[in-house]
Each structure stands twice: as structure tokens, then as C-alpha cells.
Amino acid sequence: MNTLLDVKNLHVQLAGNEVLREVSIAVQPGKLVCLVGRNGAGKTTTLRTIMGYQAAQRGEIHWKGQSIMGMPTHSVAALGLGYTPEGSDVFGDLTVEDNIALPTWTRKTDKPAAERIEAAYAVFPKLLTYLHRGGHQLSGGERKMVSIARALALDPELLLLDEAFEGLSPAILPVISDGLKRILAQNRGVLLAESNFYHLPRFADRIYVIERGEIVFAGTLDEVERDAAVMKIIKGVDEVAA
Ligand SMILES: Nc1ncnc2c1ncn2[C@@H]1O[C@H](COP(=O)(O)OP(=O)(O)OP(=O)(O)O)[C@@H](O)[C@H]1O
């Protein structure tokens with residue numbers, strides 16, 4: 001299967017500290033790849049470096065075989081990488097409808113805007129029931145759905161998602177999880193950074209565990225669960241995140 005994103009041996013220094021060391025991650029179309037690690041392990045830095053917000057000292061980042069290392073963020077996004085940062089970046093003064101339409105004004109693709117917007121609502125159909133509500137009037141879960149839908153309106157082939165589940169009420173977790181399934185069904189890849197192992201969807205295809213800037217494990221969810229040493233790290237993750 002074609003690899004969308006191929007990160008190899010990435011090193012990143014921040015304020016003189018080596019925050020990422022030898023980080024390697026691959027994501028294929030229609031696959032959910034999870035990067036799990038405790039707070040401060042390096043998940044956000046990994047996603048920001050891929051998106052070109054953060055420079056790397058060494059390593060390689062390839063998108064469909066082409067190096068994107070050092071490319072400015074707008075060029076990376078134009079290639080088809082969408083990013084939903086941690087926390088809400090929904091515009092409070094805009095309606096749900098306008099928040100989601102925004103990327104179609106700023107990024108033109110081969111697909112008509114209406115088709116891109118339709119694909120975004122297909123992931124979270126519930127958003128259609130409060131199209132005209134302002135961003136300020138949304139719950140945490142609703143804001144999360146809007147921010148993911150907005151990234152999807154860019155029509156990305158890969159979505160980088162930072163902490164999709166953090167701080168959300170238990171009732172909303174399955175809604176986000178179902179949305180992820182629909183994103184994969186649209187044949188988009190997803191790279192999900194998550195600090196709480198127990199939030200990882202069972203349908204995840206591959207798990208990378210990151211600890212102090214290094215990938216310490218890569219495998220399936222079942223394989224992680226069978227590895228006592230890795231589970232010990234993950235239990236620490238859960239204690240921090242709980
Ligand atoms: N701008 C910065 N300057 C210096 N150090 C930084 C900077 N940003 C992050 N760091 C450090 O880099 C390390 C990795 O941070 P990062 O935000 O990538 O972790 P994370 O796994 O995403 O954690 P969280 O879930 O808390 O966001 C941490 O030790 C953090 O303190």
C-alpha cells in the first residue's frame with residue numbers, strides 16, 4: 001500500500017534540549033495511526049514539525065515520496081495535510097457553518113467547495129443541527145467536532161489530530177470515535193496524538209508509543225497490551241492524564 005507520510009529518524013531541539021530523537025512514523029491512506037505518550041513526551045512537537053511549524057535538526061519527512069522537510073506550513077497544507085491542534089481553535093464570532101466553510105475560501109482544490117463541505121458534515125452529521133450557532137455557544141465536544149470538520153473541509157488526504165479526546169465528557173467520546181471511522185472510510189489517513197492510552201479506538205491500525213522524545217514501541221493495540229514494560233509506561237500515561 002502506498003505510504004502517505006513517512007517520517008524517518010527525526011531529531012528536534014527546542015531551547016537547547018533534544019525534544020525528539022530518531023522519531024520514525026509512517027501513515028497509509030485509510031489507516032488510523034496513533035502516537036501515544038505522556039504529557040511532554042513530544043507528540044505535539046512531532047505533529048508541528050511535520051506541518052512545518054517547527055524546524056528539525058536531522059531526519060527525513062516524506063509525503064508520497066517527496067521530501068517536505070523545511071517546507072513552509074502553507075505549502076505542506078497545500079499538498080493535502082490537515083492539522084487539528086490541541087484545544088479549540090474554533091472562531092467564536094463565526095457560526096459553525098462559517099467556521100467549516102472557511103478553508104474552502106482559503107484553499108482551492110480540484111474538488112468543488114460544496115463537495116468538500118459535504119464530506120466534512122458526513123463525518124459529524126450532528127453539526128447540521130446547529131449550523132447557525134456561534135462558536136462561543138458550543139460545548140467542548142461540539143467545538144472539537146467543528147475543529148475536525150474544518151480541517152476536513154481542506155480535503156486533506158492525511159489528518160494530523162492532536163488530542164482528539166482530551167477534556168471531553170464520556171458521552172461525546174464515541175461520537176468522536178465514530179467520526180474517526182468515517183474519516184478513514186473516506187480513505188484519508190489519520191495520525192492521532194493521544195496522552196491517554198485508554199482513549200485509543202480499538203480500530204486503530206498501528207500504535208507508536210513515545211517516551212521522552214523517543215519511539216519506544218510500534219505495533220498493534222493487542223501487541224502493546226501484551227508488552228508489560230510498555231504497559232507500565234502507558235499506566236504512567238494514564239495516571240498523568242486522569
Ligand atoms: N517552545 C519550546 N521551547 C522549549 N521547550 C519546549 C517548547 N515546546 C515544547 N517544549 C518541550 O518539549 C517537550 C515535548 O513537548 P510536546 O508539547 O511536544 O509534548 P506532548 O507529548 O505533546 O505533551 P502534551 O500532551 O503535554 O502537549 C516537553 O518537554 C516540552 O516542555
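**Entry 1: H3 and H5**

I began with helix H3 (residues 96-106) and helix H5 (residues 140-152) in this predicted model. Their axes lie 7 Å apart, and the two helices pack at an angle of about 30°. An angle under 35 degrees counts as roughly parallel, so I recorded H3 as roughly parallel to H5. I noted the crossing of H3 past H5 as right-handed.

I then listed the residues that make this contact. H3 contributes Val96, Asn99, Ile100, Leu102 and Pro103, while H5 contributes Val146, Ala149 and Arg150. Sorted by class, the contact of H3 with H5 has six nonpolar residues, one polar residue and one charged residue.

**Entry 2: H3 and H4**

Next I looked up H3 against helix H4 (residues 113-123). Here the packing angle is about 140°, and the axes are 10 Å apart. Why did I enter this pair as oblique? Angles over 145 degrees count as roughly antiparallel, and 65 to 115 as roughly perpendicular; the angle of about 140° belongs to neither range, and H3 and H4 are therefore oblique to each other. H3 passes H4 in a crossing that is right-handed.

On the H3 side I found Ile100, Ala101 and Thr104, which meet Ala113, Arg116, Ile117 and Ala120 of H4. By class I counted five nonpolar, one polar and one charged residues in this contact of H3 with H4. I marked Ile100 in my notes, since it is listed in the contact with H5 and in the contact with H4.

**Entry 3: H5 and H6**

I returned to H5 and compared its direction with that of helix H6 (residues 173-185). The two axes come within 11 Å and cross at roughly 10°. H5 and H6 are therefore roughly parallel to each other.

The contact involves Gly141, Lys144, Met145, Ile148 and Leu152 from H5, together with Val175, Ile176, Gly179 and Ile183 from H6. The classes in the contact of H5 with H6 are six nonpolar, two polar and one charged.

**Entry 4: H1 and the ligand**

How many of the eight residues of helix H1 (residues 43-50) are buried? I found six, so that H1 is mostly covered. The buried residues of H1 are Lys43, Thr45, Thr46, Leu47, Thr49 and Ile50. After H1 comes Gly52, and I noted that its phi is positive, near 85°.

I then examined the surroundings of the ligand. There are 14 residues around the ligand, and those that come nearest are Leu14, Asn39, Lys43, Thr44 and Thr45. Two elements, strand S2 (17-27) and H1, give two or more residues to this shell. Which element gives the largest share of the shell? I recorded H1, with three residues. By class, the shell has four nonpolar, eight polar and two charged residues.

**Entry 5: Leu5**

I located Leu5 in strand S1 (residues 5-14). Is Leu5 buried or exposed? A residue counts as buried if 20 or more other C-beta atoms lie within 10 Å of its own; Leu5 has 21, and is therefore buried. Leaving aside residues up to four places away in sequence, Leu5 touches Ala26, Val27, Ile50, Trp63, Leu158, Gly189 and Leu191. I also looked up Leu5 and Leu47: they are 42 residues apart in sequence, and their C-alpha atoms are 12 Å apart in space.

**Entry 6: Glu214**

Glu214 has its place in strand S10 (residues 214-219). I found 15 C-beta neighbours inside 10 Å, so Glu214 counts as partly exposed. Glu214 and Ser24 are 190 residues apart along the chain, yet their C-alpha atoms are separated by 9.0 Å. Apart from residues up to four places away in sequence, Glu214 touches Arg21 and Glu22.

**Entry 7: two positive phi values**

Most residues other than glycine have a negative phi. I therefore noted two residues that depart from this pattern.

Lys64 has a positive phi, near 50°. Lys64 is in the loop between strand S4 (58-63) and strand S5 (66-67). With 15 C-beta neighbours inside 10 Å, I entered Lys64 as partly exposed.

Asp155 also has a positive phi, near 65°. Asp155 lies in the loop between H5 and strand S7 (158-162). Having 22 other C-beta atoms within 10 Å, Asp155 is buried.

Terms used:
Residues are numbered from 1 along each chain as its sequence is written. This is a predicted model: local features need pLDDT of at least 70, side-chain atom pairs count only at pLDDT 80 or more; totals for chains, interfaces and linings use all residues. Axes are lines fitted to C-alpha atoms, for helices over the stretch in contact, and angles run from 0 to 180 degrees between N-to-C directions. Helices (H or I, at least four residues) and strands (E, at least two) are DSSP runs, numbered from the N terminus. A crossing is left-handed if the near helix is turned anticlockwise from the far one by less than a right angle, and right-handed if clockwise. Two residues are in contact if their C-beta atoms, placed from the backbone, lie within 7 Å. Ala, Val, Leu, Ile, Met, Phe, Trp, Tyr, Cys and Pro count as nonpolar, Asp, Glu, Lys and Arg as charged, and the others, Gly among them, as polar. A residue is buried if 20 or more other C-beta atoms lie within 10 Å of its own, exposed if 12 or fewer, and partly exposed in between; C-beta atoms are placed from the backbone. A residue is near a molecule or strand if its C-beta atom, placed from the backbone, lies within 6 Å of it.
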